[in-house]
Amino acid sequence: MAKQLIECVPNFSEGNDMTIIDAITAKITAIDGVKLLDVDPGKATNRTVVTFVGTPDEVVEAAFQAIKKAQELIDMRKHQGEHPRFGATDVCPFIPIANITMEETVAFARKLSKRVGEELGIPVYNYEFAAQEEKRKNLANCRQGEYEGLAEKLTNSAWKPDFGTASFNESVAKSGATAIGARNFLIAYNINLNTTSTRRANAVAFDLRERGRVKREGGKLTGKPVKDEAGNTVYTPGLLKSVKAIGWYIAEYGVCQISMNLTDITVTSMHEAFDKTCERATARGLRVTGSELIGVVPLQAMLDAGKYFLRKQNRSTGIADSEIIKIAVKSLGLDELTPFDPKKKIIEYLLEEDEAAKLVNMSLTDFAYETSSESPAPGGGSISAYMGVIGVSLGMMVANLSAHKRGWDDRWEEFSDWAEKGKNYQEALLKMVDEDTNAFNKIMDAFALPKKSDEDKAIRSQAIQAATKYAIEVPYKVMELCYGAMEVMLAMAAIGNPNSVTDAAVGAIAARGGVLGAFLNVKINASGLKDKAYVTEILKKGEALETKTIALEAKILAVANEKM
């Protein structure tokens with residue numbers, strides 16, 4: 001069963017004393033099965049946003065220990081900060097990341113809530129998807145009155161905590177309350193303005209946020225708030241759905257920011273929020289100077305932003321992720337206030353392990369040396385996959401050169417699409433470089449299993465056969481990918497920049513080598529498989545693919561030779 005992953009993003013009401021922050025995060029890192037992704041202290045807000053991810057039970061344990069340590073070290077009676085807050089651990093949301101439903105995530109959030117309430121005596125309010133009544137879904141409602149209004153709030157039966165005490169005793173006076181919830185992935189995102197006026201920053205924020213601004217009689221700022229029939233204040237909706245925003249002044253930076261929570265990036269993305277802020281700031285005589293990402297962000301959000309700005313420039317999006325991310329960072333001004341390190345801010349990169357050990361992360365020289373060493377892996381299978389990588393990379397190069405060619409500006413999108421198609425093959429083949437070596441290692445591991453008893457021998461034989469079949473499937477997949485990638489080289493030889501036609505042809509030759517080399521690995525591994533029906537079928541398919549590849553290579557070379 002695939003591993004379930006939950007992200008947890010507790011906010012602690014301390015942003016200045018790193019001794020306290022370090023003591024809290026040490027409790028998180030002490031739990032096996034949990035990885036600390038980010039610690040983001042804010043001096044002006046006097047608040048630290050911590051992000052960690054792991055398997056559900058371990059996340060619950062790490063969150064509990066962190067809340068317990070915060071209760072011990074943070075005294076809310078002495079706390080001051082720019083951000084709304086009502087507890088030492090102010091909020092603690094759970095976010096489903098992989099192989100887990102929101103309903104399951106809610107159950108773990110409530111499990112933590114029960115333990116915090118019973119063992120620590122902290123009043124707990126469940127919010128968002130974990131809320132047990134409608135009015136508590138909105139975090140702002142749960143936190144209304146902040147810490148200063150908590151004593152009175154606890155006396156109101158309508159706001160009795162979901163877990164923990166409703167008494168404002170000595171312990172609660174020190175710890176405050178905690179909101180524990182379950183939500184979708186939220187991006188905390190601040191956009192910088194060239195002003196020190198909080199009023200003007202708020203004007204932009206009210207233009208943007210979904211809730212908008214209070215509707216007033218006569219449409220004037222001095223007009224009385226408009227009420228509906230039930231006596232509720234009427235709001236004029238803002239421009240951006242699933243966005244919460246306020247304007248504030250940050251003394252640390254000497255500027256105002258629009259502080260946003262993008263609560264559903266499938267509705268309003270980071271780059272859409274940025275561009276719309278630029279538009280409204282300009283309309284109010286202000287200018288956006290950059291932005292700031294609090295915590296971490298999904299890779300896709302950064303790629304979407306980079307591609308958005310590349311398309312605005314009529315440039316190809318079929319380029320390396322690292323280049324797309326660079327465009328996103330520069331376009332959004334994410335490095336204006338502090339350096340933006342993708343390895344520390346993008347969640348998928350933070351979860352990567354043993355990257356240095358991957359063949360594809362070696363230098364060309366080291367890869368060559370490793371291949372030529374006495375070690376049997378990487379061998380012909382990995383090299384075949386990498387030949388496919390090199391081949392399709394050349395096809396992508398021709399597509400990107402064509403998209404950028406002077407006089408072909410009206411065709412940039414056509415070539416961008418071809419480069420994107422090539423990139424899909426490139427990424428898949430890069431994975432196969434290491435996977436072929438992994439497949440070889442699985443066979444070696446199977447042969448190393450004990451064979452003392454009959455049971456041992458049966459288990460070992462079964463493992464060898466399973467590993468052998470996988471060692472056939474991997475190079476066959478390489479064959480399919482290399483052949484499929486050749487459609488890019490064919491198109492680029494036919495319609496791409498004529499000055500680069502030979503690059504498309506060389507790419508086809510490399511990909512053809514990948515197909516033929518991978519088929520040799522299919523055949524040699526097939527000789528050790530007992531399932532002869534499967535062997536017959538896979539060899540038949542491989543021979544057909546090899547024949548088609550040779551014919552396609554000849555076609556691409558013919559097109560290239562005609563143009564030279």
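Is Tyr308 buried, exposed or partly exposed? In this predicted model, Tyr308 turns out to be partly exposed, with a relative accessible area of 26%. That puts Tyr308 between the two cut-offs, since buried means under 20% and exposed means over 50%. Phe309 falls on the other side of the lower cut-off: its relative accessible area is 7%, so Phe309 counts as buried.

There are six aromatic pairs in the structure. One of them brings together Tyr308 and Phe309, whose rings meet edge-to-face, with 5.0 Å from centre to centre and 80 degrees between the planes. Elsewhere, Phe86, Tyr125 and Trp159 join up in one aromatic cluster.

Trp408 has charged company. The charged end of Arg411 sits over the ring of Trp408, 4.8 Å from the ring centre. Lys405 also places its charged end over the ring of Trp408, here 5.5 Å from the centre.

Then there is helix H18, which runs over residues 532-563. With 32 residues at 1.5 Å a residue, H18 should span 46 Å, and the C-alpha atoms at its ends are 47 Å apart, so the expected and modelled spans agree. Which helices do the buried residues of H18 pack against? They pack against helix H16 (454-495) and helix H17 (501-526). The buried residues of H18 include Tyr534, Val535, Ile538, Gly542 and Leu545. Also among them are Thr549, Leu552, Ile556, Val559 and Ala560, along with Glu553.

Technical notes
Residues are numbered from 1 along each chain as its sequence is written. This is a predicted model: local features need pLDDT of at least 70, side-chain atom pairs count only at pLDDT 80 or more; totals for chains, interfaces and linings use all residues. Side-chain values use heavy atoms; hydrogens and water are left out. Rings of Phe, Tyr and Trp (its six-membered ring) pair if their centres lie within 6.5 Å; planes under 30 degrees apart count as stacked, over 60 as edge-to-face and the rest as tilted. Buried means under 20% relative accessible area, exposed over 50%, partly exposed in between (1.4 Å probe, protein chains only). A charge sits over a ring if NZ of Lys or CZ of Arg is within 6 Å of the ring centre and within 35 degrees of the ring normal. Helices (H or I, at least four residues) and strands (E, at least two) are DSSP runs, numbered from the N terminus. The expected span of a helix is 1.5 Å times one less than its number of residues. Contact means heavy atoms within 4.5 Å.
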